[in-house]
Amino acid sequence: MLHARLRIRFGDLLVPFLLAICLVPAWRAASAQQEPPYFVTYSSVLEEPGNLEIEDQNIVAAPRNANRFFAPTLELEYGVTAWWTAEAYLQGQATQHDSTVFTGFRFESRFRPLPREYWINPVVYVEYENVNGADKSFLEVTGNSTITTLQVSNAALRKELERSIEGKLILSSNVKGWNISENMIAEKAVNESEPWEFGYALAVARPLALKGQGRSCVFCRQNISAGAELFGGLGTRYSFGLKQTAQYAGPTVALNAPHGLTFKFSPEFGLNDNGAGVLWRFGVSYEIQQVRDWFRRSK
Amino acid sequence: MKGKDVLLAVLIALPVMCFAAADGSWLKKVPTADRGRMNPYAGKTDAVAAGANLFSENCAKCHGENAEGKGKRPPLKSDRIKNATDGELAWLLKNGNSFKGMPIWGGLPEQERWQIIAYIRSLNAPATAVQP
């Protein structure tokens, strides 16, 4: 019997999240990670070589005419070199009055081809994904995906397996403390004859302060970044445009706590009837420094 | 999952270790206009203290807690750093030397990059050089 008696309330998930933030002052020293507070949009910032970042990224949503759901994604991001970052994702979701399912995995790599910082910095993104139709991770929105898929049961959705390749052109600029990033997305299913699907993501963010402080602190302004994201589908090769696509926008904020710990939060609002109302996103990440030194004889 | 899918996935995400030694060749790439830039926080104690925090968080993992270097990652207490201008160090922090292992730090605010340079300078100069 797959009918789980789920009682997901946003408050239940928010309380442990806030508790975790309150425990942060236990650490000392300042932090100034350069990664912007985005959930969907990629910037030109890559993982430092040898570092492994583990992130738990979650969504809670209560779509109109559909059961509310909770969708966690585990991300493992490794800096292979200073110009190449590799990442693996594991995804799942739990839907109220339905079931909890594993929805698939993704592998991706990001390459920064130009060796310097320019006024606009390109990054090439390549991904292979193997996910089923029950995926509610919203890591990106492409094609004509609409809210109707959220109204189908997990048992039916998980039978639809999609293997696809995805490419993104990431453009990112850093101007006077602001980060401005644009992603163009193209996705193609390789196990079925579906047309190319397109999407986009735009974001802008800035730390609340641009100078570090001599004293140790956690909730200093330079440790907090705030910004906004806008993303959505752009149809397919045969129906390019905004018609029958889902579009989302919302503010985003991150606290870069000391020693590689980061908390992120964003409410993302559906901008049209194809969207899922509000996506409440929150994430916690921890960066393990110089993992590859563990496997070296001389450190 | 088919065998070719596994192969494709592995090829995309295969983590290959490659790392090259820093050799100072980046100094030749610094444009003349950048060489002459001055650190607005040079010698200021609060900037050095802030730079120490920033260094600890962002740089020490590769260059060592005391900037002594780690493996092939160079020490920052050295004649090369001592002889480099503030502008050259600022250029390196902003642009990195990514094909030789040094990441690009252009996403870090410029003010913080200057604070890090002020701290690195303090490691390579007599302590009396700083002023409030």
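In the predicted model, the buried residues of helix α7 of chain B are covered by elements that include α3, α5 (79-83) and α6 of chain B. Burial extends over most of this helix: 12 of the 15 residues of α7(B) are buried, so the helix is largely enclosed by the rest of the structure. The buried set comprises Glu112(B), Arg113(B), Trp114(B), Gln115(B), Ile116(B), Ile117(B), Ala118(B), Tyr119(B), Ile120(B), Arg121(B), Ser122(B) and Leu123(B). The length of α7(B) agrees with expectation, because 15 residues at 1.5 Å a residue should span 21 Å and the end C-alpha atoms lie 21 Å apart.

Helix α3 of chain B is likewise described by its burial and its span. Of its 14 residues, 11 are buried, and α3(B) is therefore largely enclosed by the rest of the structure. Ala47(B), Val48(B), Ala49(B), Ala50(B), Gly51(B), Ala52(B), Asn53(B), Leu54(B), Phe55(B), Glu57(B) and Asn58(B) make up the buried residues of α3(B). The cover over these residues includes α4 and α7 of chain B. For the 14 residues of α3(B), a rise of 1.5 Å a residue predicts a span of 20 Å, in agreement with the 20 Å that separates the end C-alpha atoms.

The two helices meet directly. The axes of α3 (residues 45-58) and α7 (residues 110-124) of chain B approach within 7 Å and cross at roughly 100°. Since angles of 65 to 115 degrees count as roughly perpendicular, α3(B) is roughly perpendicular to α7(B). On the α3(B) side, the contact is formed by Ala47(B), Val48(B), Ala50(B), Gly51(B), Ala52(B), Leu54(B) and Phe55(B), which meet Glu112(B), Gln115(B), Ile116(B), Ala118(B), Tyr119(B) and Ser122(B) in α7(B). By class, the residues of this contact are nine nonpolar, three polar and one charged.

These helices belong to a chain with seven helices and zero strands, and the order of elements along the sequence of chain B is α-α-α-α-α-α-α. Among the 132 residues of chain B, 42% count as buried. Of the contacts in chain B with a separation of 6 or more, 74% are between residues 24 or more positions apart.

Chain B also touches chain A, in a contact that takes 39 residues from chain B and 43 residues from chain A. On the side of chain B, at least two residues each are supplied by α1 (3-13), α3, α4 (60-63), α6 (86-95) and α7. Helix α3(B) provides the largest share of that side, eight residues. The side of chain B that touches chain A consists of 20 nonpolar, 12 polar and seven charged residues. Helix α3(B) thus appears both in the contact with α7(B) and in the side of chain B that touches chain A.

In chain A, 12 strands close into a barrel in the order β1-β2-β3-β4-β5-β6-β7-β8-β9-β10-β11-β12, with antiparallel pairing. From one strand to the next, the twist averages 20°. Strands β5 (residues 121-132) and β6 (residues 161-175) of chain A pair in the antiparallel sense over 12 bridges, and Asn121(A) has Ser172(A) as its bridge partner in β6(A). Further along the barrel order, strand β8 (residues 197-207) of chain A is joined to strand β9 (residues 224-236) of chain A by 10 bridges, the two running antiparallel. Strand β9(A) is in turn joined by nine bridges to strand β10 (residues 247-257) of chain A, again antiparallel. Ser225(A) links the description of these two pairings: Pro207(A) stands opposite Ser225(A) in β9(A), and Ser225(A) stands opposite Ala254(A) in β10(A).

Two loop residues of chain A have positive phi values. His97(A), a residue other than glycine, has phi near 65° and lies in the loop between β3 (84-95) and β4 (100-111) of chain A. With 12 C-beta neighbours inside 10 Å, His97(A) counts as exposed. Phe138(A), also other than glycine, has phi near 50° and is found in the loop between β5 and α2 (154-157) of chain A. Phe138(A) counts as buried because 21 C-beta neighbours lie inside 10 Å.

Note on methods:
Residues numbered from 1 in each chain as written. Chains lettered and ligands numbered in written order. Predicted model: local features only at pLDDT ≥ 70, side-chain atom pairs only at ≥ 80, totals over all residues. Axes fitted to C-alpha atoms, helices over the stretch in contact; angles between N-to-C directions. Helix = DSSP H or I, 4+ residues; strand = E, 2+ residues; numbered from the N terminus. Parallel < 35°, antiparallel > 145°, perpendicular 65-115°, else oblique. Contact = placed C-beta atoms within 7 Å. Nonpolar A, V, L, I, M, F, W, Y, C, P; charged D, E, K, R; others polar. Pairing = 2+ DSSP bridges. Buried ≥ 20, exposed ≤ 12 C-beta atoms within 10 Å, placed from the backbone. Expected span 1.5 Å × (residues − 1).
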